[in-house]
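Here is a friendly walk through the empty spaces, a surface patch and two backbone angles of one protein model. Have your viewer ready.

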Amino acid sequence: MIPLAFSFQSFAHADFWIGVGIVAGIYSIFTLGLQVNVGFTGILNFGQAGFMAIGAYSMALLILKAHWSPWAALPVATLIAMASGLLVGIPALRLPPHYLAMATIGAAQIVQITAQNATGFTGGNEGLIGFDAEWQRIQTWLLGKLSAVGLGQQYELPLFLVTWLSFLVLLVVLRALQHTPWGRVLRAIREDEDAAAALGKNVYAYKLQSLMAAAALGAVAGYLLALNVTLIYPQSFSADFTFIGFAILVLGGLASYVGVALGAILLWFVLEGMRFVDLPLAADKIAALRLLLVGLVLIAVMVFRPQGILGKREEMVIRG
């Protein structure tokens with residue numbers, strides 16, 4: 001009991017909360033894309049990590065190989081990720097829902113395997129470094145400003161602020177789009193795509209646009225993840241990333257953008273908090289226990305509030 005009590009003192013440290021906040025913010029942006037697809041369009045995209053990888057690698061390669069400015073590389077890399085969403089969606093969105101899910105998983109796996117084997121281009125498993133020189137300068141400048149209010153010692157605080165500012169901007173944009181004709185058509189497709197088609201809407205085109213929007217959001221999350229770990233390597237973009245995103249989606253609630261943030265914060269608080277529980281177990285068993293605990297939390301949510309914390313029962317429609 002004494003080691004257990006001692007380890008929980010780490011919760012009082014600012015570094016813990018900042019670190020959890022950065023990862024939760026990255027996952028929040030990543031899951032916004034899944035919310036657009038699943039919550040508002042009703043299509044199952046299990047390849048979001050692949051779009052994330054394409055955005056991150058494109059950004060890094062444009063900076064390192066083509067010597068572009070990050071300010072030029074970021075929008076172009078986002079467009080590349082959106083183009084990959086279009087490329088995947090053109091054949092995959094003509095498939096039934098379960099085949100669509102498998103096709104997107106396959107596409108993400110192709111991206112990861114390519115990144116592992118194209119060593120001369122992507123660095124393989126050793127990854128890419130050195131793409132964040134501009135961010136290091138910005139971070140130093142922000143830390144100088146923060147030192148004026150006594151926060152200059154929190155090295156990760158600038159990335160925390162940038163991550164959540166990015167989330168808030170994207171949240172405002174998505175909520176505005178939700179109330180446009182475009183957003184209303186997406187919801188109509190989710191509810192009954194045959195009825196939407198009967199009203200003259202090009203369902204296939206709107207689904208493609210939804211997938212491209214998710215790819216763009218995945219790319220933004222990829223940039224922030226790359227800045228957080230200062231290294232881009234294939235294992236960062238495994239299918240686990242997408243599946244945790246779906247766990248956040250279920251926890252926060254379908255068709256709730258704010259629920260995405262709440263779900264991500266709660267999930268990562270549980271996952272990271274388990275690191276401070278001193279148990280007489282091997283590291284791999286503790287890691288498995290952390291995932292088991294997340295599974296129990298999700299089961300409890302599905303039993304007592306299947307629509308998620310901020311979701312609504314009427315939003316629980318996924319037709320593919």
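The structure holds 1 cavity of 30 Å³ or more. A cavity here is a set of points on a 1 Å grid over the protein atoms alone where a 1.4 Å probe fits but cannot get out, while a pocket is an open set with protein on both sides within 12 Å along at least five of seven lines; lining residues have an atom within 4 Å of a point. The largest cavity encloses about 70 Å³ of space, a volume being the space filled by probe spheres set on the points. Its lining consists of V36, F40, L174, L177, Q178, W182, G183, L186 and Y257. Two or more of these residues come from each of α8 and α9 (181-198).

This is a predicted model: local features need pLDDT of at least 70 and side-chain atom pairs pLDDT 80 or more, whereas totals for chains, interfaces and linings use all residues. Residues are numbered from 1 along each chain, and side-chain values use heavy atoms, without hydrogens and water.

Now to the open space. The largest pocket holds about 730 Å³, and of its 28 lining residues, L74, S166, V220, Y223 and L224 lie nearest the centre. At least two lining residues each are supplied by α3 (48-64), α4 (70-92), α7 (133-146), α8 (157-178) and α10 (203-229); helices are DSSP runs (H or I, at least four residues) numbered from the N terminus.

The table lists both linings by class (Ala, Val, Leu, Ile, Met, Phe, Trp, Tyr, Cys and Pro are nonpolar; Asp, Glu, Lys and Arg charged; the others, Gly among them, polar).

| Lining | Residues by class |
|---|---|
| Largest pocket | 24 nonpolar, 2 polar, 2 charged residues |
| Largest cavity | 7 nonpolar, 2 polar, no charged residues |

On the surface, L292, L296, I299, V303 and F304 make a nonpolar patch of about 570 Å². Such patches take residues with over 30% relative accessible area and no salt bridge, joining nonpolar side chains within 5 Å; a salt bridge is a Lys or Arg side-chain nitrogen within 4 Å of an Asp or Glu carboxyl oxygen. L296 belongs to helix α13 (residues 283-304) and is partly exposed because its relative accessibility is 47% (buried is under 20%, exposed over 50%, partly exposed in between, with a 1.4 Å probe and protein chains only).

Which phi value does T230 have? T230, not a glycine, has a positive phi of about 60 degrees. T230 sits in the loop between α10 and α11 (239-252) and, at 35% relative accessibility, counts as partly exposed. A255, also a residue other than glycine, has a positive phi near 60 degrees. A255 lies in the loop between α11 and α12 (257-273), and its 15% relative accessibility makes A255 buried.

Note on methods:
Patches are made of residues with over 30% relative accessible area and no salt bridge: like charges are joined within 9 Å, nonpolar side chains (Val, Leu, Ile, Met, Phe, Trp, Tyr) within 5 Å. Accessible areas come from the Shrake-Rupley method with a 1.4 Å probe; for residues, only the protein chains shown count as cover.
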